[in-house]
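Got your viewer open? Let's take a walk through this model, one selection after another.

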Amino acid sequence: LISLLSCSTNQGLTGHLTVSPSRSQFFEGDPVSLSCEEDNNSAGWTVRRNTIRLESECGDEWGIYDGYSCNISMLFSSDSGVYWCETREHGDSESIKLTVTGGSVILQSPVLPVMEGDDVTLSCQTKTPSNLPAAFIKDGSLIRTEPAGHMTLHHVTSSDEGLYKCNIRGHGESPSSWISVSEKPQTMAPHTLQTPPTTVIPPTTVAPPLILTTATYLAPPPAAAAFQYRLVCHLVVFCPYFMSTVLMLSLYQRNATGSKQAASMVMTPPTHEEQGLDDDYDDVTTEHNF
């Protein structure tokens, strides 16, 4: 496994420290290979370290440089320290810490800072690989015990940063390693995720009182629809006048009919002469002589 450490130089260039195998803790006697890269070009970079002995570069009493990598065939406890890449033109890269233990337990943890939101798996290992139960400890407090010796931190945040170590009963405890969590870079500006403002929609298109005004924004209707629309408009305008006319005619006819009935029912009383004449006619008896 290869791990890349991105680091910024004094001139803003990016360098990479490659550690193989990718872990920060090693047993005494393990080999390790370190190399420096910059955009797939290792020219000009040198691996340096600072240990309890002194600060020096690869090939100066430690490591063998093969033109591409600095190889250490057998690590000792004295090789524990801080390692980084350096160039005369671009300055130093960020550093990492490697720990070499003479004990029988190590904690396999990421060499690089882990990205916020990622999952991180920690493994507690003996010199002979095994899946023994292991207790995981952070900042001196027990987190939990895992029966297979592996623990996964899901969706890590800055609160997961700290010193981690593990313990296998009967074998011992590992050294401590610092795990750091870096903030996930923003790939999109926040304002691009906002909902477009609703003011772009003309208010007249949604206000009920302005239906005729809104209609001017629509495409012209078909001939049949236009005819129906005009017919409805004419009916709406004509109906009140028609209803008023019918009502007036009905009232007029009712008044005329009532006047005739009243006139027929009113009769002039007969005079005394007319009444006497009628009585005379009733008393006359006609006689016929043959």
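Begin by selecting Asp 79 and Arg 49: both are buried, a word that here means under 20% relative accessible area, while exposed means over 50% and partly exposed covers what is in between (1.4 Å probe, protein chains only). Before you click on, know that this is a predicted model, where local features need pLDDT of at least 70, side-chain atom pairs count only at pLDDT 80 or more, and totals for chains, interfaces and linings use all residues. Residues are numbered from 1 along each chain as its sequence is written, and side-chain values use heavy atoms, with hydrogens and water left out.

**Stop 1: charged partners**

Keep those two on screen. The side chains of Asp 79 and Arg 49 form a salt bridge, with N to O at 2.9 Å. The term stands for a side-chain nitrogen of Lys or Arg within 4 Å of a carboxyl oxygen of Asp or Glu. Now look at where the partners sit: Arg 49 belongs to strand S5 (residues 46-51), whereas Asp 79 is in the loop between strand S8 (69-72) and S9, so the pair links distant parts of the chain, 30 residues apart. The strand and helix labels are DSSP runs numbered from the N terminus: helices are H or I with at least four residues, strands are E with at least two.

How many salt bridges does the rule give? The count comes to 8. Next, select Arg 48 and Glu 57, whose side chains meet in another salt bridge (3.3 Å, N to O). Arg 48 counts as buried because its relative accessibility is 14%, while Glu 57, at 35%, is partly exposed. Add Glu 55 and Glu 86 to the selection: salt bridges that share partners join Arg 48, Glu 55, Glu 57 and Glu 86 into one network.

One further pair to click is Arg 23 and Asp 30, a salt bridge at 3.0 Å, N to O. Arg 23 is buried at 14% relative accessible area, and Asp 30 is buried too, at 17%.

**Stop 2: two rings**

Clear the selection and pick Trp 62 and Tyr 83. How do their rings meet? Rings of Phe, Tyr and Trp (its six-membered ring) pair if their centres lie within 6.5 Å; planes under 30 degrees apart count as stacked, over 60 as edge-to-face and the rest as tilted. By this rule there is 1 aromatic pair. The ring centres of Trp 62 and Tyr 83 are 5.9 Å apart and the planes stand at 85 degrees, so the pair is edge-to-face. Trp 62 sits in the loop between strand S6 (55-57) and strand S7 (64-65), and Tyr 83 in strand S9 (residues 81-87), which makes this a link between distant parts of the chain, 21 residues apart. Trp 62 is buried at 7% relative accessibility, and Tyr 83 is buried at 1%.

**Stop 3: an open sheet**

Switch to a cartoon view and find the open sheet of 3 strands in the order S12-S14-S17, with antiparallel pairing. Two strands pair if DSSP finds at least two bridges between them. At the edges stand strand S12 (105-108) and strand S17 (150-153), each with a single partner strand, so one side of each is left without a neighbour in the sheet. From one strand to the next, the twist averages 15 degrees. S12 pairs with strand S14 (residues 120-126) over 4 bridges, in the antiparallel sense. To see one bridge partnership, select Ile 106 and its partner in S14, Gln 125.

**Stop 4: a covered strand**

Now select strand S15 (residues 134-138), where 5 of the 5 residues are buried. Turn on side chains: Ala 134, Phe 136 and Lys 138 point one way, and Ala 135 and Ile 137 the other way. S15 runs antiparallel to strand S16 (residues 141-146), joined by 5 bridges, and Phe 136 has Arg 144 as its bridge partner there. In the hairpin of S15 and S16, 2 residues lie between the strands, and Asp 139 takes a positive phi near 50 degrees. S15 is also joined to strand S18 (residues 162-168), again antiparallel, by 4 bridges. In S18, Ala 135 has Asn 167 as its bridge partner.

**Last stop: a helix**

Finish by selecting Tyr 241 in helix H2 (residues 223-265). Is Tyr 241 buried or exposed? At 60% relative accessibility, Tyr 241 counts as exposed.

Notes: Axes fitted to C-alpha atoms, helices over the stretch in contact; angles between N-to-C directions.
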